[in-house]
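Here is a short set of exercises, each followed by a worked solution. Please keep the viewer open and follow the steps as you go.

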Amino acid sequence: MVLPVALALACGGSGSGDAAGSTGGGAGSTNSGGSAGSGGSPSTGGSTGSGGSSAGGGAGVAGGTGGSAGTGGSAGTGGSAGSTGGAGGVGAAGPGSSSLFEEVGGLVAVEAEHFSANDEQGAPRAWYLWAPGLDPMVMPDPDGDHTTGASAQRYLEGLPDTRVTDSDPIQNGVSIYNTAGAGPKLSYRVHFNTPGTYYVWVRAYSTGGEDNGIHVGIDGSFPTSGERLQFCSGKNMWTWSSAQRDSGGTACGQPTTITIDVPSAGEHTIEFAMREDGFEFDKWIMAQDSGFAPNGAGPDERTR
């Protein structure tokens, strides 16, 4: 599927892919596979357009499925997307589609922007990347920049954000996705050593009551236990939640009521799908210990 404007995702350490490229160029594809080019060169198949100019609009949808242009790599006027990433934009440091995260000791943690696939699923919303010096410039977006305090100073946001207060119209399938898995979806490859039930925690920034929900699934299925993860407390700050909406008889829900069952050891795909536009998504954790509660930015990622 072709994204409206692609944002190149560079692999490597936290400082190797941060320089800004141009914000122009054509649309990036979401083909999976392909790792980032080392030393700032495009990855296999990731061609840049001629001339290297910066025609076009602002930064686009977060990522293609693989990492493409390296540090400062820009796409020129009419530049086509490479088979493993997108054209133009700012390179975000971190793993591309070749990264396989690993659960160890009943715990796995992943940065939201380190997805292996980003699929709009035909919705009029998409996940966009915020990073230092990068504003997606997708309007309306009344919340502003919250990179300060975000883990690795990067996060994803569901944009545009049109339902800000409860007086704004509810548009199911546009600004809200009550059917779990129907909205724009992010996928993450994880190797689990220990099957069983995991409690899911998400770190997010919510400014009100209409940007505080997301769905969680596994291997293409969104079970009832992963629907409607809700944020009520900790407004206007980065905070963690594992509460399912309406659990325990309250709209805000009770902690550790969002769970995912991992049926077997081996590789599985963990998925997060937009429930409300304006949701700001920083990091996620799955833990087998019901008493686990993350602090600050939480534990570090671990790749296999």
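**Exercise 1. A lysine and its partner**

Start with Lys283: find out whether Lys283 is buried or exposed, and which side chain it meets in a salt bridge.

Solution.
- Step 1: Lys283 has a relative accessible area of 2%, so Lys283 counts as buried. Note that this is a predicted model.
- Step 2: Look for a carboxyl oxygen within 4 Å of its side-chain nitrogen. The side chain of Glu111 qualifies, with an N to O distance of 3.9 Å.
- Step 3: Place both partners. Glu111 belongs to strand β2 (residues 107-111) and Lys283 to strand β14, so the salt bridge ties together parts 172 residues apart in sequence.
- Step 4: Check the other end. Glu111 has a relative accessible area of 8%, and is therefore buried as well.

**Exercise 2. Another salt bridge on β14**

Determine which side chain meets Asp282 in a salt bridge, and where the two residues lie.

Solution.
- Step 1: The partner is Arg203, at 2.7 Å from N to O.
- Step 2: Asp282 sits in strand β14 and Arg203 in strand β7 (residues 196-205), so this pair joins parts that are 79 residues apart in sequence.
- Step 3: For accessibility, both Asp282 and Arg203 are buried.

**Exercise 3. From a pair to a network**

Describe the salt bridge of Arg302 and Glu102, then name the network that Glu102 belongs to.

Solution.
- Step 1: The side chains of Arg302 and Glu102 form a salt bridge with an N to O distance of 3.8 Å.
- Step 2: Arg302 is in the segment after β14 (280-287), while Glu102 is in strand β1 (residues 101-103); the two are 200 residues apart.
- Step 3: Compare each value with the 20% limit for buried residues. Arg302 has 46% relative accessibility and so counts as partly exposed, whereas Glu102 is buried at 12%.
- Step 4: Salt bridges with shared partners join Glu102, Arg302 and Arg304 into one network.
- Step 5: For context, a search of the whole structure gives ten salt bridges.

**Exercise 4. An arginine in a loop**

Work out where Arg154 lies and which backbone oxygen is 3.1 Å from a polar atom of its side chain.

Solution.
- Step 1: Arg154 is in the loop between β4 (126-130) and β5 (155-159).
- Step 2: Its relative accessibility is 9%, so Arg154 counts as buried.
- Step 3: The backbone oxygen in question is that of Ala152.

**Exercise 5. The disulfide**

Find how many disulfides there are, and say which parts of the chain are tied together.

Solution.
- Step 1: The count is one disulfide, formed by Cys232 and Cys252 with their sulfur atoms 2.2 Å apart.
- Step 2: The angle about the S-S bond is -95°, and the link of Cys232 and Cys252 is left-handed.
- Step 3: Cys232 lies in the loop between β9 (229-230) and β10 (238-241), and Cys252 in the loop between β11 (243-244) and β12 (259-262), so the pair ties together parts that are 20 residues apart in sequence.
- Step 4: Cys232 is partly exposed, with a relative accessible area of 28%. Cys252 is partly exposed too, at 36%.

**Exercise 6. Strands and cores**

Identify the elements of the chain and the strands that supply the largest nonpolar core.

Solution.
- Step 1: The chain has zero helices and 14 strands.
- Step 2: The largest nonpolar core has 35 residues, and those with the most contacts inside it include Tyr188, Phe272, Trp284 and Met286.
- Step 3: At least two residues of this core come from each of β2, β4, β6 (185-192), β7, β8 (213-218), β12, β13 (266-274) and β14.
- Step 4: Take Met286 as an example. Among the residues that Met286 touches are Val108, Phe192, Val200, Ile260 and Ile270.
- Step 5: A second, separate core has nine residues, including Ala126, Val138, Tyr155 and Tyr205.

**Exercise 7. Confidence**

Decide where pLDDT stays under 50.

Solution.
- Step 1: The mean pLDDT of the chain is 76, and 68% of its residues reach 70 or more.
- Step 2: Residues 1-60 stay under 50, and the model has 193 contacts beyond four places in sequence for them.
- Step 3: Residues 64-96 are also below 50, with 152 contacts in the model beyond near neighbours in sequence.

Note on methods:
Residues numbered from 1 in each chain as written. Predicted model: local features only at pLDDT ≥ 70, side-chain atom pairs only at ≥ 80, totals over all residues. Heavy atoms only, no water. Helix = DSSP H or I, 4+ residues; strand = E, 2+ residues; numbered from the N terminus. Buried < 20%, exposed > 50% of the residue type's maximum accessible area, 1.4 Å probe, protein only. Polar contact = N/O pair within 3.5 Å; in protein donor to acceptor, adjacent residues only side chain to side chain. pLDDT = per-residue confidence, 0-100. Contact = heavy atoms within 4.5 Å. Disulfide = S-S within 2.5 Å. Core = buried A, V, L, I, M, F, W, Y, C linked by side-chain atoms within 4.5 Å.
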